[in-house]
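Student: I would like a close look at the interior of this model. Please start with the packing and the enclosed space, then go through selected helices, strands and loops.

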Amino acid sequence: MTKRLFILIGFFSVFFSSAQTTIKGSVNDAVTYEPIPNVSITIEETFLYTKSDVYGKFIFTGDLPLGEHVLNLTKAGYETARYPIIVNHGATVDISDMILKIDVSDAANFALITLSDDELNNDSYGADNISGLLQASKDVFLRTAAFEFSPSFFKVRGLDSEHGKVLINGIEMNKMFNGRPQWSNWGGLNDVMRNQVFTNGILPSAYNYGGILGTTNISTRASLYRKGGRVTYSSANRSYTNRAMASFSSGLISGGWAYSISIGRRWGNEGYQEATFYDANSFFGAVEKRINDKHSLNFTGIFSPNRRGKSSPNTQEVYDLKDIKYNEYWGHQENVKRNSRVKRSIEPILMLNHNWAIDTKTTLNTNIAYQFGVLGNSRLDYSGGANPSPAYYQLLPSYFLADDNPDYASAYIAEQNFINDGQINWNSIYDANLTNTIVGLPGAYALYEDRSDDKQFSVNSIINREIHEHLTINGSVNYSNLKSENFAEITDLLGGSGYLNVDPFDQYQYDLKHPGRIVGEGGKFKYHYVLTSKTFGAQVQAQFKYYKIDFYFATNYRNTEYQRDGIFQHEAYVTQDDQGNITDDNSFGKGRKLKFNGYGIKTGAVYKLTGRHVFSFNLTYNTRAPWLRNTYSNSRENNSVVGDFSGIDITEEKIMASDVSYFFRSPIVQARVTGYYTAIRDANEISFYFADGVGGDSQAFVQEILQGINKKHFGIELGIEAKITPTIKLKAAASYGQFTYDNNPLLVLTSEDFEDEYKNLGKANLKNYKLAVGPQKAYSIGFEYRDPDYWWVGITGNFFNEAYLDISPLTRTENFYLDDDGLPFNDYDPEIANELLKQEKFENYMVVNAIGGKSWKIGDYFVGVFASINNILDKKYKTGGFEQGRNANYRELRDDNANPKRVFGPKYWFGRGTNYFLNVSFRF
């Protein structure tokens, strides 16, 4: 494939090459006069486009239009500038030291992005967010998706953030566990993370092969930061309530040195949801040494430890009794709200980068990174006590109304207890443990943390070579090695003397090598294993640029190797003979090595009909290894792999994507319309839950393996903005998509409670069900007013529809209608069944947002105030949710739906009501 690519490169470079007139120049900051990299420079009314380099310089050569023209300069965070030029045949136009002014009305300049990293990281709201990938773009649709659609957990093209790549200095930061970037690793460092280059969708990136959602590369080269400093304070009622940041960059100083530092803190006792405290600190340092004109070394250190309280999804019954701020995870302890579910992240990043300008047309960047630390999520365990959740189904009114003879008195008591309290009773937990201690028993309750302690080493080398004015070649090689130690650790015995490391439901030893162990605080229990992942990859890319057409070819290869090493020996997965000798062990020790080979190829072209009318298309086909999360069926307890029980080997995931776009560009109107299609094949998903009615009437805690999933995404994107007057701009955006399952994948349940460990339930009938990826259709319209006196205001109305509940695949299998004798239930009614399995569609809704601000220049200093108010009308709306798998068969689900209030109804996440963000900054 690579050989053929180079043959094509040679053919096109010979066929098209030519050279003539030259336009060159440079772009600097209007205040500091520092060079600005990655400025987009366009010759208006033509097809010609380039970007400034790290020194702010750019050049056009070749068959250039003659006469009077205008250079258009744009970059996110700066005001657009236009410079007139006159081009004569055979001459060189040198327009150096052009300036760009900071765009004081750009929200990105003051907040960069007002979503906090917990929202981007997804586990509180059930749907991860891609806004961080998009906020560096000037495209009106993508910026609308980032700043207007994102609070509704809208996903561009219905895709998760695993399909977009986030790099820091060329090193990929997407996690090997689930493919998603961990935004909290650099949260609170907005000022020093704003040097970004974003490549949209399939388009080629100079840094790596990229994903189908695009690539964002964040540069932390100390010499590229604007000289000076910034102090910022923010107030909000979203995740944190306070934020303070300070940063300073030296610029290039004597001896070829440059440095940049930043510190930040975000905190709050409670965000929008109850007891969602926030406690995060951030530290950043970068030092660069320019050895000479060709070589420089840059060291970066990032440390952003953070802790935050999580919030719960709830049933409609719970929301009706409380409200959308209700959170079941907390309770009062000594008059303080204590949250049992806390997410903790401490994962520092160390990075060394060597930048080598081999010659004027060739650069080679070599990057080494090491990341290590802790990711923890706490929760209560109750091996010797009742479920401590205040929203446990047996404590809610619906439980007492579910019988043929409803107990109205008990239902009323439960209702009043929940309304008046409805929180964790920490005192009763301590009392139970102290009682057990007195009689010599282990604790009934304990607070523990699910831990992932990762150590990852990454290295890559990226070369960029301009062969001639029409052809640029990029290539890279990369290697990464991850060791992830996973375990549960007791963090608080809650007044107990110790905690028994035994499964309380079936009395299996969690670790047969240490039976009956009593665990203290800081001790490991439940599970303990290590996952290793090694990847090696390479990519090559060629980009051709001509007067009427640009096109590119790219290909990549990636080898991935996984292995699990069990530290605990779970008794349920060990076979012993009559003498107690182990004859088979699928839990302790190293499992088999899994190897995957992924490759990709992509191509695309831009055709410039006129300077105002441009067309493009992109096409790609990729295969990739499944993420670690979707490779092992139950990695906490055994070495089994997806496919072990279905008879079909696990394989690489296949992705095909394409899009076609039309662009209209004029000094007044900028517009883009894109049609896209994406097909995903052979994906896997693993879920864990407690199910009633598995194989008739049995109950079990199960691992659900959905293997060979196909998905289909297609739709249209539209973005348009019009500068009606010098001060008024209208803007609109729309996304019209359809995202569905495209086949009936295999479903296998595994459980230590099953006699044969697994149940192969065959096909899950999912085809044409909608994917739960947020609103599938979204529209926005708004305006901005920018006053010459440096204040501005903007209002947008955003409309959302066709968001769907995440369905339970188990109820779409034969288990739904078969009794334990293998025959259909004798009372099965297909019409009732179809109604029960109808996917819930959320109500349509509208959200109105407003932003505004003002800036002042006082001598050489700038003061800025920025404010946003989201959901002004205080609209209540569902952002996501899921069917509980508890009612696994027809009878269970039918009877539950017949109740006045469902006992095991779906759980939902709601968006925030009216909320605000206020930012004040001082720049010097």
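Tutor: What follows treats the interior of a predicted model, starting with its cores and cavities and then turning to individual elements and residues.

The largest nonpolar core has 51 residues. Within this core, the members that touch the most others are Phe149, Phe154, Tyr741, Leu747, Leu749, Leu810 and Phe816. Strand E36, residues 669–694, gives the largest share of the core, 6 residues. A second core, separate from this one, has 26 residues, among them Leu482, Val519, Leu594 and Ala625. In soluble globular proteins, nonpolar side chains tend to be buried together.

Leu747 can be followed in more detail. Beyond its neighbours within four places in sequence, Leu747 is in contact with Glu704, Ile705 and Leu706, with Lys759, Asn760, Leu761, Gly762 and Ala764, and with Pro809, Leu810 and Thr813. One of these partners, Leu810, is itself among the core members that touch the most others.

Phe149, also in that group, belongs to helix H5, residues 140–149. Here 10 of the 10 residues are buried, so H5 is largely enclosed by the rest of the structure. The buried set is not confined to nonpolar side chains by name: Arg143, Thr144 and Glu148 are in it, along with residues including Val140, Phe141, Leu142 and Phe147. The N-terminal end of H5 is capped by Asp139, with a side-chain oxygen 3.0 Å from the backbone nitrogen of Phe141.

Helix H11, residues 890–897, has Tyr890, Leu893 and Asp896 buried. Seen down the helix axis, the buried residues of H11 fall within an arc of 145°, so they line one face of the helix. An α-helix has 3.6 residues a turn, so residues three or four places apart point the same way. The cover over the buried residues of H11 includes helix H10, 830–836. At the start of H11, a side-chain oxygen of Asn889 comes to within 3.2 Å of the backbone nitrogen of Arg891.

Next, the enclosed space. Searching the whole structure gives 10 cavities of 30 Å³ or more. The largest cavity holds about 780 Å³ of space. Its lining consists of 48 residues, and those nearest the centre are Lys165, Glu172, Asn208, Asn556 and Arg558. Several strands each supply at least two lining residues: E9 (171–172), E24 (446–468), E25 (471–492), E28 (524–545), E29 (549–566), E33 (594–608) and E34 (613–624). Of the lining, the largest share, 6 residues, comes from E33.

Two buried strand residues show the local surroundings in the interior. Asn298 lies in strand E16, residues 295–303, and is buried at a relative accessible area of 0%. The side chain of Asn298 reaches the backbone nitrogen of Ala222 at 3.0 Å. Not counting residues up to four places away in sequence, Asn298 touches Asn169, the run Thr220, Arg221 and Ala222, the run Ala286, Val287 and Glu288, and the run Met351, Leu352 and Asn353.

Ile41, in strand E2 (residues 40–43), is likewise buried, with a relative accessible area of 0%. Leaving aside neighbours within four places in sequence, the contacts of Ile41 are Leu48, Tyr49, Thr50, Lys51, Ser52, Phe58, Phe60, Leu71, Asn72 and Leu73. Asn174 is 133 residues from Ile41 in sequence, and their C-alpha atoms are 31 Å apart.

For contrast, Asn281 in strand E15 is partly exposed, with a relative accessible area of 26%. A polar contact of 3.0 Å joins the side chains of Asn281 and Arg265. Outside the neighbours within four places in sequence, Asn281 is in contact with Gly264, Arg265, Phe303, Ser304 and Pro305. Ser260 is 21 residues from Asn281 in sequence and 17 Å away in space, C-alpha to C-alpha.

Two loop residues deserve a check of their backbone angles. Most residues other than glycine have a negative phi, and most peptide bonds are trans. Ala275 has a positive phi of about 60° although it is not a glycine. Ala275 is in the loop between strand E14 (257–268) and strand E15 (278–290), and counts as buried at 3% relative accessibility. Tyr790 also has a positive phi, near 65°. The loop holding Tyr790 runs between strand E41 (777–787) and strand E42 (791–801); here the residue is partly exposed, with a relative accessible area of 41%.

Key:
Residues numbered from 1 in each chain as written. Predicted model: local features only at pLDDT ≥ 70, side-chain atom pairs only at ≥ 80, totals over all residues. Heavy atoms only, no water. Core = buried A, V, L, I, M, F, W, Y, C linked by side-chain atoms within 4.5 Å. Buried < 20%, exposed > 50% of the residue type's maximum accessible area, 1.4 Å probe, protein only. Helix = DSSP H or I, 4+ residues; strand = E, 2+ residues; numbered from the N terminus. Contact = heavy atoms within 4.5 Å. Arc of directions from axis to C-beta. Polar contact = N/O pair within 3.5 Å; in protein donor to acceptor, adjacent residues only side chain to side chain. 1 Å grid on protein atoms, 1.4 Å probe; cavity = no way out; pocket = protein on both sides within 12 Å on 5 of 7 lines; lining within 4 Å. Points joined across faces, edges and corners; volume = space filled by probe spheres on them.
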